[in-house]
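Here are some friendly notes to read with the model open beside you. Feel free to work through them in any order.

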Amino acid sequence: MIKRPKIGLALGGGGARGLAHIGVLKVFNRENIPIDILTGSSAGAIISSMYAQYEDSDFIEEKVRKFIESPDFESIGVDQFVEEHQSENILSQIAEDIKERLVINIALRRKSIGSNKQYKKAISFLLDEGDISETKKKLGIVACDIVKGDSVLFTSGDIQKVTLASSSVPGYLPPVMYDSYTLIDGAVLSPIPILEAYKMGADIVIGIDVMPDLVVKSDQHNILDIIMRESQMLGVKYSQLLNTKADYIVRPDVGRFHWADFREYDYLIKAGEKIAQQKLREIESIITKKHFIKKKIYGWVTGSRDL
């Protein structure tokens, strides 16, 4: 009997746009598409950790909705970043905030605009305590060690603390000290943790990309604008290169939404659900094809004709 290929789902970063991950998971649940391995960076770390613990996309949606509508969400302060114009990514928005609202000598003495105190409460509301290795689904959380300059794949350890670290946006939240690591947002080096899913044993990796495209922008007014634009260009091209490593990429139509616009959770979740439903047959075809190839290889090796 040939076992089906192991399916890995890699959930990428993107702030509020990461709520689209929930919609994709709802379709996978409804259509009985198995998920053997979950990897997550940043916002994807939160949703993948929740799903690995609860295995219930409807429950996750309700829990996230309840939190966003609570006073605890307001206390985190992300609403302050929602503006009329669309920034390309979270880091560029943080840079703009520092440039516009903080005196340079103060910024040089601080590691972040905010603190982890309220964000820890959010993580503890969304996730149960426990070890990453003990979740119902095999889980890998990616964070970045800012000292060593490497991404770190966690398959064991404190799930709340590692998820906090993976979603700690540099500049907005301070680095998280964990074991021997000084950790920041996992999406810095692994915007969609595709390679990590393969590393954990997946035969098929489906990536969920909720990042916006790089918009045409000619108004580079100063040195900081030019430096940030260079960083954005590098990030987008790097993400595009990583995406080629996946068997399939799902891209919900959420790029026009602000990374901090969590109040649009209904649309964001539905956008993930819509695209996953539209691409369902293509995803199923890839799984079937991979299974067939696996059976063929098995037949060649064993001499079996029962293919």
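The points below go from the whole chain to helix packing, then to salt bridges and two single residues.

1. First, the basis: this is a predicted model. Please keep that in mind for every value below, as each is computed from the predicted coordinates.

2. The overall picture comes next. The protein chain has 12 helices and eight strands. It has 307 residues, of which 51% count as buried. Its exposed area is about 15,300 Å², and carbon and sulfur atoms supply 54% of that. If you consider contacts with a separation of 6 or more, 77% of them are between residues 24 or more positions apart.

3. How many residues of α1 are buried? Nine of its 11 residues are, so the helix is largely enclosed by the rest of the structure. The buried residues are Ala 20, His 21, Ile 22, Gly 23, Val 24, Leu 25, Lys 26, Val 27 and Phe 28. After the helix comes Asn 32, which has a positive phi, near 55°.

4. Now for a neighbour of α1. Helix α2 covers residues 43-54 and packs against α1 at an angle of about 30°, the axes being 10 Å apart. That angle makes α1 roughly parallel to α2, because angles under 35 degrees are classed that way. The crossing of the two helices is right-handed. On the α1 side the contact is made by His 21, Ile 22, Leu 25 and Asn 29, and on the α2 side by Gly 44, Ile 47 and Tyr 51. His 21, Ile 22 and Leu 25 also appear among the buried residues of α1.

5. A second helix pair is worth setting beside that one. Helix α7 (residues 116-126) packs with helix α8 (residues 159-166) at an angle of about 125°, and their axes are 10 Å apart. Are α7 and α8 parallel, perpendicular or oblique to each other? They are oblique, since an angle of about 125° falls outside the ranges for roughly parallel (under 35 degrees), roughly perpendicular (65 to 115) and roughly antiparallel (over 145). This crossing is right-handed. From α7, Asn 116, Tyr 119, Lys 120, Ile 123 and Ser 124 take part, and they meet Gln 160, Thr 163 and Leu 164 from α8.

6. On to charged side chains: the count comes to 12 salt bridges. One of them is between Lys 26 and Glu 273, at 3.8 Å from N to O. This pair links distant parts of the chain, with Lys 26 in helix α1 and Glu 273 in helix α11 (residues 265-278), 247 residues apart. Lys 26 and Glu 273 are both buried.

7. Lys 290 and Asp 247 form another salt bridge, with their closest N and O atoms 3.2 Å apart. Here too distant parts of the chain are linked: Lys 290 is in helix α12 (residues 280-302), whereas Asp 247 is in the loop between α10 (223-243) and β8 (248-250), and the two are 43 residues apart. Lys 290 counts as partly exposed because its relative accessible area of 29% is between the 20% and 50% limits. Asp 247 is partly exposed as well, at 24%.

8. Asp 253 and Arg 256 also meet in a salt bridge, at 3.2 Å from N to O. Asp 253 is partly exposed, with a relative accessible area of 48%. Elsewhere, salt bridges with shared partners join Lys 26, Arg 30, Glu 61, Arg 65, Asp 266 and Glu 273 into one network.

9. Two single residues may be useful to look at. Val 152 lies in strand β4 (residues 150-154). Its relative accessible area is 11%, so Val 152 is buried. Beyond its neighbours within four places in sequence, Val 152 is in contact with Ile 141, Val 142, Ala 143, Asp 145, Tyr 181 and Leu 183. Its C-alpha is 9.5 Å from that of Glu 196, a residue 44 places away in sequence.

10. The other residue is Asn 243, in helix α10. Is Asn 243 buried or exposed? Its relative accessible area is 15%, which means that Asn 243 is buried. Setting aside residues up to four places away in sequence, Asn 243 touches Ile 192, Ile 194, Asp 209 and Ile 249.

Notes: Residues numbered from 1 in each chain as written. Predicted model: local features only at pLDDT ≥ 70, side-chain atom pairs only at ≥ 80, totals over all residues. Heavy atoms only, no water. Salt bridge = Lys/Arg side-chain N within 4 Å of Asp/Glu carboxyl O. Helix = DSSP H or I, 4+ residues; strand = E, 2+ residues; numbered from the N terminus. Buried < 20%, exposed > 50% of the residue type's maximum accessible area, 1.4 Å probe, protein only. Contact = heavy atoms within 4.5 Å. Areas by Shrake-Rupley, 256 points an atom, 1.4 Å probe, with all protein chains shown as cover. Axes fitted to C-alpha atoms, helices over the stretch in contact; angles between N-to-C directions. Left-handed = near helix turned anticlockwise from the far one by under 90°.
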